[in-house]
Amino acid sequence: MDSSKTIPHEIGGIRPDALRFGLHGVKSDVLESHPLQSSYESVEMRKEETKRKLLGSTYGSALGLKMDLDRQILSRFQRPPGPIPSSMIGLEAFTGSLDHIGLEDYLNDPRDSEVVRPVDMHHGMEVRLCLSKGPVCPTFF
């Protein structure tokens, strides 16, 4: 078969799907959501590293490895995409973030907004199985 007559297969290709997700903006790739976000994340990483070193020196290095393995297992456990989002309650209990009150706890959940589009379950599974690119859930626009 002549290669000039074939149509390239673009599922999982590099080009974003403009019909599903709108036009791609470069500004969101360059800027962080807030100037303090990077400092907050670095502080959280330092706290976690200090806690891990303290536990490692107290209980031995095997505990740190076991905690990493538990975190990896709990972070992969999710529901399939659909109307009920994954709560990640096991990971929140493991990290201790159940006691932390965030913005989503006292402000409205963005998924309950009137302008959010419904989740396309088929596309979400394609993204999860690496057959397609793009976010699992569409944006608010």
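Begin by selecting Met88, which sits in the loop between H4 and helix H5 (89–95) of this predicted model. Although Met88 is not a glycine, its phi is positive, at about 55 degrees. As general background for that backbone setting, most residues other than glycine have a negative phi. With the surface displayed, Met88 counts as partly exposed, because its relative accessibility is 22% and the buried class is reserved for values under 20%.

Step next to Ile89, which belongs to helix H5. Is Ile89 buried or exposed? Its relative accessible area is 51%, so Ile89 is exposed, the cut-off for that class being over 50%. From here, add Phe77 to the selection and draw the C-alpha to C-alpha distance, which comes to 9.8 Å for two residues that are 12 apart in sequence.

Now move to Asp70, in helix H4, and select Phe94 together with it. These two residues are 24 apart along the chain, and their C-alpha atoms are separated by 8.4 Å. Asp70 itself counts as partly exposed, because its relative accessibility is 23%.

While H4 is in view, colour helix H3 (residues 37–59) and helix H4 (residues 61–76) separately, and look at how they pack: their axes are 6 Å apart and the angle is about 135 degrees. How are H3 and H4 oriented to each other? They are oblique, because an angle counts as roughly antiparallel when it is over 145 degrees and as roughly perpendicular from 65 to 115 degrees.

To see which side chains and backbone positions make up this contact, select Glu48, Arg52, Leu55, Gly56 and Tyr59 on the H3 side, and Ser61, Leu63, Gly64, Leu65, Met67, Asp68 and Arg71 on the H4 side. Coloured by character, the residues of the contact of H3 with H4 divide into 5 nonpolar, 3 polar and 4 charged.

Travel on to helix H7 (residues 121–128), and select His123, Gly124 and Val127, which are buried. Turn the view until you look down the axis of H7: the buried residues fall within an arc of 100 degrees, so they line one face of the helix. The general geometry helps in reading this view, since an α-helix has 3.6 residues a turn, so residues three or four places apart point the same way. Just after H7, select Cys130, where phi is positive, at about 65 degrees.

Finally, zoom out to the whole chain, which has 7 helices and 0 strands, and which, read along the sequence, follows the pattern α-α-α-α-α-α-α. Colouring by accessibility shows that buried residues make up 8% of the 141 residues, while the accessible surface of the chain comes to about 12400 Å², with 62% of it belonging to carbon and sulfur atoms. If you draw the contacts between residues at least 6 apart in sequence, 46% of them join residues at least 24 apart.

Note on methods
Residues are numbered from 1 along each chain as its sequence is written. This is a predicted model: local features need pLDDT of at least 70, side-chain atom pairs count only at pLDDT 80 or more; totals for chains, interfaces and linings use all residues. Side-chain values use heavy atoms; hydrogens and water are left out. Axes are lines fitted to C-alpha atoms, for helices over the stretch in contact, and angles run from 0 to 180 degrees between N-to-C directions. Helices (H or I, at least four residues) and strands (E, at least two) are DSSP runs, numbered from the N terminus. Angles under 35 degrees count as roughly parallel, over 145 as roughly antiparallel, 65 to 115 as roughly perpendicular and the rest as oblique. Contact means heavy atoms within 4.5 Å. Ala, Val, Leu, Ile, Met, Phe, Trp, Tyr, Cys and Pro count as nonpolar, Asp, Glu, Lys and Arg as charged, and the others, Gly among them, as polar. Buried means under 20% relative accessible area, exposed over 50%, partly exposed in between (1.4 Å probe, protein chains only). Accessible areas come from the Shrake-Rupley method with a 1.4 Å probe; for residues, only the protein chains shown count as cover. The arc is that of the directions from the helix axis to the C-beta atoms.
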